[in-house]
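Open the structure in your viewer and keep the selection panel handy. We will go from one stop to the next, with a short note on what to select and what you will find there.

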Amino acid sequence: MKKIYFTPIVLAMAAMLGACSSTPKTTSLLDQTRSDYVAAQQNPNIASYAQAEMKQASDALEQANAAARRDESTDKIDKLAYLAKQKIALTQEVAVQKLAEADVVASGKQRDQVRLDQRTMEADQAKQDVKVAQSDAAESKRLTQEAEMHAATLEQQLADLAAKKTDRGMVITLGDVLFGTDQSRLNSAGLLTAQKLADVLKQNPQRTVLVEGYADSTGSSSHNQELSERRATAVRNALQEMGTASARIAIRGYGEAYPIAANDTADNRRLNRRVEIVLSDDSGKISQR
């Protein structure tokens, strides 16, 4: 514990002030210096930061008090009191300055700790970001592999259906041989093709289809229109029975419109008697004619 050198002076002052035999000589400046000294004694920062300066102030005040006890001239007493008062003021200033310096050091340590904590937090966050990035990369790779496998499977399924890529997307054609002659009912081969398409739609729930019926130019236009519509409806009904929701299937009947061959031979007319199934893109969008 730091020693404090104030007690002898205080006792001397008390003895002087408390003496009954005579009143010690004093001056207003000496009284003010004594008051300043008492205030300095009560300042805890002086005990912590200005003990040496306070000792010098104490010695200077003792010299002024001694001159007063000796009943020396007022001028001499005031000179000694003035010197003591200046030393007391210096003591106060030193205590304030050293306290400020201590605060700066403490603030510097606090700032250093804050910076250290910040760097530690940033390092921890960086590690976490790396882990998240690695996890995201692994998940992205997994999803990419799944998408590639899914695309390969879909490509193979569409190849089995003899789908062709057109400006409107992938188109699957059901020829006249998949229906009964001049009928709208799918035969066994047609039902097998419909089942393959239903499987594709089941594995690709985001996709939809547009079923379009066509006829050749033989017969009346109204008959051809009706036959094309009935054949498109037959495909839709087969897909629904195989588990495809009706909302995912749209139908159109175009009759003898949009032929893909001239209607001048039996083989060409057979090509025009068909059902085309347009598969949507991943968003369910289908380009209309």
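Begin by selecting Asn272 in this predicted model: its relative accessibility is 0%, so Asn272 counts as buried, the cut-off being under 20%. Asn272 belongs to helix 8, which covers residues 266–272. Now show what surrounds it. Leaving out residues up to four places away in sequence, Asn272 touches Tyr214, Ala215 and Asp216, and also Pro259, Ile260, Ala261, Ala262 and Asn263. If you like to use the distance tool, pick the C-alpha atoms of Asn272 and Leu174: the two residues are 98 residues apart along the chain, and these atoms are separated by 11 Å.

**The sheet**

Next, colour the strands. How many strands does the open sheet have, and in what order? There are 5 strands, in the order 1-2-5-3-4, and the pairing is mixed. Look for the edges: strand 1 (164–166) and strand 4 (249–253) are the edge strands, each pairing on one side only. From one strand to the next, the twist averages 30°.

Select strand 5, residues 274–279. Are its residues mostly covered or not? Strand 5 is mostly covered, with 6 of its 6 residues buried. Turn on the side chains to see two sets pointing in opposite ways: Arg274, Glu276 and Val278 point one way, while Val275, Ile277 and Leu279 point the other way, and all are buried.

Add strand 2, residues 169–175, to the selection. Strand 2 and strand 5 run antiparallel and are joined by 6 bridges. Two pairs are good places to zoom in. Thr173 stands opposite Glu276 of strand 5, and Ile172 has Ile277 of strand 5 as its bridge partner.

Then select strand 3 (209–214). Strand 3 also pairs with strand 5 in the antiparallel sense, over 6 bridges. Here you can pick out Gly213, whose bridge partner in strand 5 is Val275.

Before leaving the sheet, bring in helix 7, residues 221–241. Which strands does helix 7 lie across? Helix 7 lies across strand 2, strand 3, strand 4 and strand 5, and runs at about 165° to strand 4.

**Helix 5 and helix 6**

Now select helix 5 (residues 74–160) together with helix 6 (residues 188–203). The two pack at an angle of about 165°, and their axes are 10 Å apart. Angles over 145 degrees count as roughly antiparallel, so helix 5 is roughly antiparallel to helix 6. The crossing of helix 5 and helix 6 is left-handed. To see where they meet, show the side chains of His150, Thr153, Leu154, Gln157 and Asp160 in helix 5, which meet Lys196, Val200 and Gln203 in helix 6. Sorted by class, this contact of helix 5 with helix 6 has 2 nonpolar, 4 polar and 2 charged residues.

Stay with helix 5 and move to Thr91, which lies in this helix. Is Thr91 buried or exposed? Thr91 counts as buried, because its relative accessibility is 0%. Neighbours within four places in sequence aside, Thr91 is in contact with Ile46, Ala50, Glu53, Met54 and Ala57.

**Helix 2 and helix 4**

Met54, a contact of Thr91, is also a residue of the next stop, where helix 4 meets helix 2. Select helix 2 (residues 28–41) and helix 4 (residues 51–69): they pack at an angle of about 150°, with axes 11 Å apart. Helix 2 and helix 4 are therefore roughly antiparallel to each other, and helix 2 passes helix 4 in a left-handed crossing. On the helix 2 side, show Leu30, Thr33, Arg34, Tyr37, Ala40 and Gln41; on the helix 4 side, show Met54, Ser58, Leu61, Ala64, Asn65 and Ala68. By class, the contact of helix 2 with helix 4 has 7 nonpolar, 4 polar and 1 charged residues.

**Two loop residues**

For the final stops, go to the loops. Asp71 sits in the loop between helix 4 and helix 5. Asp71 is not a glycine, yet its phi is positive, about 60°. At 54% relative accessibility, Asp71 counts as exposed.

Finish at Ala162, in the loop between helix 5 and strand 1. The phi of Ala162 is near 55°, again a positive value in a residue other than glycine. Ala162 counts as exposed, because its relative accessibility is 52%.

Definitions and conventions:
Residues numbered from 1 in each chain as written. Predicted model: local features only at pLDDT ≥ 70, side-chain atom pairs only at ≥ 80, totals over all residues. Heavy atoms only, no water. Pairing = 2+ DSSP bridges. Helix = DSSP H or I, 4+ residues; strand = E, 2+ residues; numbered from the N terminus. Axes fitted to C-alpha atoms, helices over the stretch in contact; angles between N-to-C directions. Contact = heavy atoms within 4.5 Å. Buried < 20%, exposed > 50% of the residue type's maximum accessible area, 1.4 Å probe, protein only. Parallel < 35°, antiparallel > 145°, perpendicular 65-115°, else oblique. Left-handed = near helix turned anticlockwise from the far one by under 90°. Nonpolar A, V, L, I, M, F, W, Y, C, P; charged D, E, K, R; others polar.
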